[in-house]
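Student: I am new to this structure and would like to see how each label is earned. Could we take the terms one at a time and test each against its cut-off?

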Amino acid sequence: MRLAVASSLDLRRAAGTICCGEQTFFYYRREIAVANEGRDVVPNENGGWDVRKPGASRSSAHEDTQRQAIDRAREIARNAGGGEVRIHGRNGQIRDSDTIPPGNDPNPPRDRK
């Protein structure tokens with residue numbers, strides 16, 4: 001917990017106060033940044049599989065097999081602070097997804113394997 005003397009900006013972000021004699025201290029909740037960007041594993045038109053950020057034209061990685069691409073996508077998502085890895089089939093439809101911590105899993109009961 002971080003304690004600080006009040007300023008006008010601190011008052012808006014404070015989660016609570018601690019009074020100690022004549023001074024008032026404000027404490028703050030620790031904010032955890034959650035990456036909302038995941039990675040998509042998609043087939044490459046020239047063979048192999050690409051790992052792409054959603055909406056990107058270039059791929060983050062290219063692998064020969066889908067298994068290697070999935071592993072690489074998980075590694076990239078983990079290094080970025082978490083997120084969703086979506087695995088597409090050869091037809092382009094999403095066939096599976098995996099949440100990499102600390103991202104929030106949209107369907108925890110159904111996503112267990």
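**Reasoning from values to labels**

Tutor: Let us begin with R74, which counts as partly exposed at 22% relative accessibility, keeping in mind that this is a predicted model.

Student: Why is R74 called partly exposed, and neither buried nor exposed?

Tutor: Buried requires a relative accessible area under 20% and exposed requires over 50%, and R74 has 22%, so R74 falls in between and is partly exposed.

Student: What makes D98 buried, then?

Tutor: The relative accessible area of D98 is 17%, and because the limit for buried is under 20%, D98 meets it.

Student: How do you know that D98 and R74 form a salt bridge?

Tutor: A salt bridge needs a side-chain nitrogen of Lys or Arg within 4 Å of a carboxyl oxygen of Asp or Glu, and the closest N and O atoms of D98 and R74 are 3.0 Å apart, so the pair satisfies the cut-off. This salt bridge links distant parts of the chain, since D98 is in strand β8 (residues 94–100) while R74 is in helix α2, 24 residues away.

Student: How many salt bridges does the structure hold, and what makes the contact of E75 and R72 one of them?

Tutor: There are five in the structure. For E75 and R72 the N to O distance is 3.3 Å, which lies within 4 Å, so their side chains meet in a salt bridge. Both residues lie in helix α2 (residues 66–79), three residues apart, or about one turn of the helix. In general, an α-helix has 3.6 residues a turn, so residues three or four places apart point the same way. As for accessibility, E75 has 37% and R72 has 28%, so each counts as partly exposed under the limits of 20% and 50%.

Student: What makes D50 and R52 a salt bridge, and is D50 buried or exposed?

Tutor: Their N to O distance is 3.7 Å, which is within the 4 Å limit, so the name applies. D50 has a relative accessible area of 3%, which is under 20%, so D50 is buried, whereas R52, at 28% relative accessibility, counts as partly exposed. D50 also stands opposite H62 in β6.

Student: How do you know that the span of α2 agrees with what is expected for a helix?

Tutor: At 1.5 Å a residue, the 14 residues of α2 should span 20 Å, and the C-alpha atoms at its ends are 20 Å apart, so the two values agree.

Student: Which residues of α2 are buried, and how do you know where they sit around the axis?

Tutor: They are Q66, A69, I70, A73, I76 and A77. Because these residues cover an arc of only 125° around the axis, they are on the same side of α2, while R78 and N79 on the other side are exposed. The buried residues of α2 pack against β4 (39–43), β5 (49–52), β6 (61–63), β7 and β8. A69, for instance, touches V41, W49, V51 and E63, when residues up to four places away in sequence are not counted.

Student: What makes a group of residues here a nonpolar core?

Tutor: Its members must be buried residues of nonpolar kinds joined through side-chain atoms within 4.5 Å, and the largest such core has 12 residues, including V41, W49, V51, I70, V85 and I100. Helix α2 gives the most to this core, with five residues, and β5, α2 and β7 each supply at least two. As a general tendency, nonpolar side chains in soluble globular proteins are buried together.

Student: Why are β7 and β8 called a pair of strands?

Tutor: Pairing needs at least two bridges, and strand β7 (residues 83–88) and β8 have six, in the antiparallel sense, so they count as paired. G83 stands opposite I100 in β8. The two strands form a hairpin with five residues between them, and G92 in the turn has a positive phi of about 95°.

Student: How many bridges do β4 and β5 have by that test?

Tutor: They have four, again in the antiparallel sense, so the requirement of at least two is met. V41 has V51 in β5 as its bridge partner.

Terms used. Residues are numbered from 1 along each chain as its sequence is written. This is a predicted model: local features need pLDDT of at least 70, side-chain atom pairs count only at pLDDT 80 or more; totals for chains, interfaces and linings use all residues. Side-chain values use heavy atoms; hydrogens and water are left out. Buried means under 20% relative accessible area, exposed over 50%, partly exposed in between (1.4 Å probe, protein chains only). The expected span of a helix is 1.5 Å times one less than its number of residues. The arc is that of the directions from the helix axis to the C-beta atoms. Contact means heavy atoms within 4.5 Å.
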